[in-house]
Amino acid sequence: MSIFVTKPFMPSIAEYQKYVAEIFKRGVLTNQGPCVQELEKKLTDFLGVQNFHYVSNGTIALQVALSALNIRDGEIITTPFSYVATLSSILWEHCAPVFVDIEPDNFTIDVTKIEAAITPKTRAIMPVHVFGYACDVEKIQQIADKHNLKVIYDGAHAFASKFKGNSLLSYGDITTCSFHATKLFHTIEGGACIIRSKEASDKFELQKRFGHDKDDYICLGINAKQSEFHAAMGLANFPYIEKIILERKRVSDLYDLELKSLIGRPKEQPDLEYNYAYYPVVFKDESELLKIFETLNKNDIFPRRYFWPSLNTLPYVSKQSCPVSEDISFRIACLPLYPDLSNENVIKICDIIKNNL
Ligand SMILES: *Cc1c(COP(=O)(O)O)cnc(C)c1O
């Protein structure tokens, strides 16, 4: 059977059906129904956060986040090393992305380069806790305070990561998350916003359902609501979060044991309680990566080039140079990582890599 970079966690059909049976009985399918409300409550408690909003995906979460903070033009400082949705949300909201290069240790935005990128048009900083590693949240907040900027974290990978004991999703003005099927905790499709201020949280709540409250049309909105069936999948997966993380740790620890001394790996972050969302490795150069991919693919094993290409090089953004991100993008890949990946298969993957280094 093929081994892909990830595989969605599946609860038993019976666990999902239990929720579906209730949905059929009630006949309430969407519009902030009971399953959505229950999931919001459970995730709020699990994460220990306030103003948690469950929405239809992590991309619309970023877009409505910008709108809820009244950012509709101007420049947004962001990272070139992420999934394209970070960038597309900025462009879709008619803002201009300004890329600040990443630091090579954890692939997050290089905070020493942020201030030089600030102009009178800068409105916000949108960093990414890429692979679940923590951005320098303290330094970023200092810079934002000094220059009166908003901070929106793309926390799509950061679910259940903790920084200094707090959820990594609790920093900045807003942090978004994704519950897409490929993510650590999923609701098939889904996303969330965690919002610091009550005012922005109330605006977000309105905007995610068309900007009106019954017959009162208050502000511009969109449809970011999530269905009961998606929330039901979240409720069925919820009891397994700790187990999912433990199994990912098992796989990651075994990769470490076999590969750590031979291959580039992110630096440990002492203040971070990691969620084991991904297992990125950095090869010597692109040709080494391609050679290893070829052999793995022949063995029906499919790691992914996350993230490549560097977003500053995409054809629909204005040219900006980010040498660190461009260099790492050519050499980095994520190895298969999911709860039921067997030790035997992990060893097989490691042996193939070792034989081709
Ligand atoms: C998955 C992902 C998103 C988008 O989330 P969706 O729920 O798929 O819309 C945004 N940013 C990053 C970094 C992601 O990996």
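Let us begin with a pair of charged side chains: Lys298 and Glu294 form a salt bridge, with their closest N and O atoms 3.6 Å apart. The structure before you is a predicted model, and every value I give is computed from it.

Where do Lys298 and Glu294 lie? Both belong to helix H9, which covers residues 286-298, and they stand four residues apart, about one turn of the helix. Lys298 has a relative accessible area of 67%, and it is exposed because that value is over 50%. Glu294, with 48%, is partly exposed.

I turn now to the salt bridges of the structure as a whole. A search of the entire model finds 23 of them. One of these joins the side chains of Asp340 and Lys7, at 3.2 Å from N to O. This pair links distant parts of the chain, 333 residues apart. Asp340 sits in the loop between strand S16 (332-334) and helix H11 (343-356), while Lys7 sits in the loop between strand S1 (3-4) and helix H1 (13-26). Asp340 is exposed, at 52% relative accessibility.

Allow me to stay with Lys7 for a moment. Is Lys7 exposed, partly exposed or buried? Lys7 has a relative accessibility of 34% and therefore counts as partly exposed. Apart from its neighbours within four places in sequence, Lys7 is in contact with Tyr338 and Asp340. With Asp340, the side chain of Lys7 also makes a polar contact of 3.2 Å. A further distance concerns Ala181: its C-alpha atom is separated by 8.1 Å from that of Lys7, although the two residues are 174 apart along the chain.

Another salt bridge is formed by Glu228 and Arg26, whose closest N and O atoms are 3.8 Å apart. Glu228 lies in helix H7 (residues 228-237) and Arg26 in helix H1, so this pair ties together parts of the chain that are 202 residues apart in sequence. Are these two partners buried or exposed? Glu228 is buried, at 0% relative accessibility, whereas Arg26 is partly exposed, at 35%.

Salt bridges can also be followed from residue to residue. Which residues are linked with Glu40 in a network of salt bridges? They are Glu205, Lys208 and Arg209.

Let us move from the charged side chains to the nonpolar interior. The largest nonpolar core holds 69 residues, and among these Ile114, Phe131 and Phe159 touch the most other members. Which helix gives the most to this core? It is helix H2 (residues 34-47), with five residues. The core also draws on two domains: at least three of its residues come from domain 1 (13-238), and at least three come from domain 2 (239-356).

Phe159 deserves a closer look. Setting aside neighbours within four places in sequence, its contacts include Leu43, Phe46 and Leu47. Leu169, Cys177, Phe179, Leu184 and Phe185 are also in contact with Phe159, as are Ile241 and Asn275. There is, in addition, a second and separate core of 24 residues, which includes Ile3, Leu259, Leu296 and Leu335.

The next topic is the ligand. How many residues surround the ligand? There are 14, and the closest are Thr59, Asp154, His157, Ser178 and Lys183. Three residues may be described by their distances to oxygen atoms of the ligand. For Gly58, a backbone N or O atom lies 2.8 Å from a ligand oxygen. For Thr59, a polar side-chain atom lies 2.6 Å from a ligand oxygen. For Ser178, an N or O atom of the side chain is 2.7 Å from a ligand oxygen.

Finally, I come to helix H3, which spans residues 58-68. This helix is mostly covered, with ten of its eleven residues buried. Gly58, which I mentioned in connection with the ligand, is one of the buried residues of H3. The others are Ile60, Ala61, Leu62, Gln63, Val64, Ala65, Leu66, Ser67 and Ala68. What caps the N-terminal end of H3? Asn57 does, with a side-chain oxygen 2.9 Å from the backbone nitrogen of Thr59. Just after the helix, Asn70 adopts a positive phi of about 60 degrees.

To close, I would recall two points about this predicted model. The salt bridge of Asp340 and Lys7 links distant parts of the chain, and the largest nonpolar core draws residues from both domain 1 and domain 2. Thank you for your attention.

Notes
Residues are numbered from 1 along each chain as its sequence is written. This is a predicted model: local features need pLDDT of at least 70, side-chain atom pairs count only at pLDDT 80 or more; totals for chains, interfaces and linings use all residues. Side-chain values use heavy atoms; hydrogens and water are left out. A salt bridge is a side-chain nitrogen of Lys or Arg within 4 Å of a carboxyl oxygen of Asp or Glu. Helices (H or I, at least four residues) and strands (E, at least two) are DSSP runs, numbered from the N terminus. Buried means under 20% relative accessible area, exposed over 50%, partly exposed in between (1.4 Å probe, protein chains only). A nonpolar core is a set of buried Ala, Val, Leu, Ile, Met, Phe, Trp, Tyr and Cys residues joined through side-chain atoms within 4.5 Å. Domain bounds come from an automatic or database domain assignment. Contact means heavy atoms within 4.5 Å. A polar contact is a pair of N or O atoms within 3.5 Å; within protein, one must be able to donate a hydrogen and the other to accept it, and residues adjacent in sequence count only if both atoms are side-chain atoms. A residue is near a molecule or strand if one of its heavy atoms lies within 4 Å of it.
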